[in-house]
Amino acid sequence: MTDVSHISPRDKAEILAQALPYIRKFHGKTMVIKYGGNAMTDPALQADFAEDVVLLKLVGINPVVVHGGGPQIETALKRLGKKGEFIQGMRVTDAETMEVVEWVLGGEVQQDIVGLINQAGGKAVGLTGRDGGMIRAQKLKMLDNADPSIEHDVGQVGDIVSIDPSVVKALQDDAFIPVISPIGFGENNESYNINADVVAAKLATVLKAEKLMMLTNISGVLNKAGELLTDLTARQIDALFADGTLSGGMLPKIAGALDAAKSGVNSVHIIDGRVPHVLLLEILTDQAFGTMIRSH
């Protein structure tokens with residue numbers, strides 16, 4: 001906890017009052033938060049994140065958390081003597097790996113997040129895409145980047161067919177904070193591992209969220225000179241893809257963010273999860289702590 005004993009009670013009251021216009025503006029609105037990176041592994045940042053989510057809920061904003069867990073999956077696979085394999089940045093997920101993904105994401109990682117939020121005074125409930133029939137998926141068809149006539153088999157990696165948000169809305173209405181693992185199910189009840197950025201973006205669209213917040217380990221989208229781009233449009237992002245500025249792990253994040261912005265989510269923010277209380281700073285102040293993406 002940051003030491004604020006040097007701040008006078010009058011100044012503390014003034015700081016709280018500064019947040020009032022933002023609380024009024026976003027009261028009753030849904031915010032989908034993709035939780036990952038350092039914010040998910042550093043104990044101090046974990047506590048900050050949980051406090052931020054609880055405070056947002058208490059002032060009448062509806063946070064929905066979607067989490068990943070790549071490093072934790074990698075650690076679990078190593079314990080089993082299994083090496084992770086990736087094709088074009090996507091984890092190859094055979095049946096054994098899928099079992100590990102399910103118990104790491106839907107068990108260990110999810111319950112850690114639920115526990116942190118509950119400890120901070122919230123009421124979190126863990127869900128996977130199976131709960132309430134939320135995320136229907138099918139096998140992802142991955143075409144080769146260099147030769148689209150070649151299709152790679154990445155196993156039980158899923159592409160979202162549809163999202164039914166009924167269970168999420170029911171929990172929100174009951175003052176709970178949903179915490180969602182990115183696991184979907186197919187027509188034959190098979191499980192699919194889905195990119196958490198993609199799930200967060202699609203869920204934000206379906207819920208008609210006010211904002212989609214994506215926590216990362218960088219300050220936001222950077223240009224080739226390493227400078228932060230605080231405000232981007234769809235056309236500018238297309239140009240960044242074309243000249244190679246955006247690549248690697250940022251591709252699904254940005255593509256999902258752009259889809260959400262084009263599909264009715266008011267604003268999408270790619271923010272630096274290494275900054276303490278970055279959610280409150282981004283939502284309840286006018287200071288930019290990352291990149292905001294707009295559809296036009």
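**A stacked pair, a cavity and two positive phi angles**

Phe-49 has a relative accessibility of 4% and therefore counts as buried, the limit for that class being under 20%. The model in which Phe-49 appears is a predicted one.

Phe-49 is a useful starting point. A search of the whole structure for aromatic pairs finds one. Its members are Tyr-35 and Phe-49, whose ring centres lie 3.7 Å apart; the planes are at 5 degrees, so the pair is stacked. Tyr-35 belongs to strand E1 (residues 30-35) and Phe-49 to helix H3, so the pair ties together parts that are 14 residues apart in sequence. Tyr-35 is buried as well, because its relative accessible area is 1%.

Phe-49 also leads to a cavity. The structure has one cavity of 30 Å³ or more, and about 50 Å³ of space lies in the largest cavity. Which elements give two or more residues to its lining? They are helix H3 (43-58) and helix H10 (278-284). H3 supplies the largest share, four residues. Among the residues that line the cavity are Leu-45, Asp-48, Phe-49 and Asp-52, together with Ala-39 and Leu-215. The lining also includes Gly-273, Val-275, Pro-276, His-277, Val-278 and Leu-279. Sorted by class, the lining has eight nonpolar residues, two polar ones and two charged ones.

One of the lining residues, His-277, has a backbone angle to note. Its phi is near 55 degrees, a positive value in a residue other than glycine. His-277 is found in the loop between strand E15 (267-272) and H10. Is His-277 buried or partly exposed? Its relative accessibility is 21%, so His-277 counts as partly exposed; buried would require a value under 20%.

Another positive phi in a residue other than glycine occurs at Asn-189, where the angle is near 70 degrees. Asn-189 is also a loop residue, found between strand E11 (183-185) and strand E12 (191-193). With a relative accessibility of 53%, Asn-189 counts as exposed, because that class begins over 50%.

A further contact involves a charge and a ring. The charged end of Lys-123 sits over the ring of Phe-176, at 4.7 Å from the ring centre.

To return to the start, Phe-49 is one of the residues lining the largest cavity, and its ring is stacked with that of Tyr-35.

Note on methods:
Residues numbered from 1 in each chain as written. Predicted model: local features only at pLDDT ≥ 70, side-chain atom pairs only at ≥ 80, totals over all residues. Heavy atoms only, no water. 1 Å grid on protein atoms, 1.4 Å probe; cavity = no way out; pocket = protein on both sides within 12 Å on 5 of 7 lines; lining within 4 Å. Points joined across faces, edges and corners; volume = space filled by probe spheres on them. Nonpolar A, V, L, I, M, F, W, Y, C, P; charged D, E, K, R; others polar. Buried < 20%, exposed > 50% of the residue type's maximum accessible area, 1.4 Å probe, protein only. Phe/Tyr/Trp six-rings, centres within 6.5 Å; stacked < 30°, edge-to-face > 60°. Lys NZ or Arg CZ within 6 Å of the ring centre and 35° of its normal.
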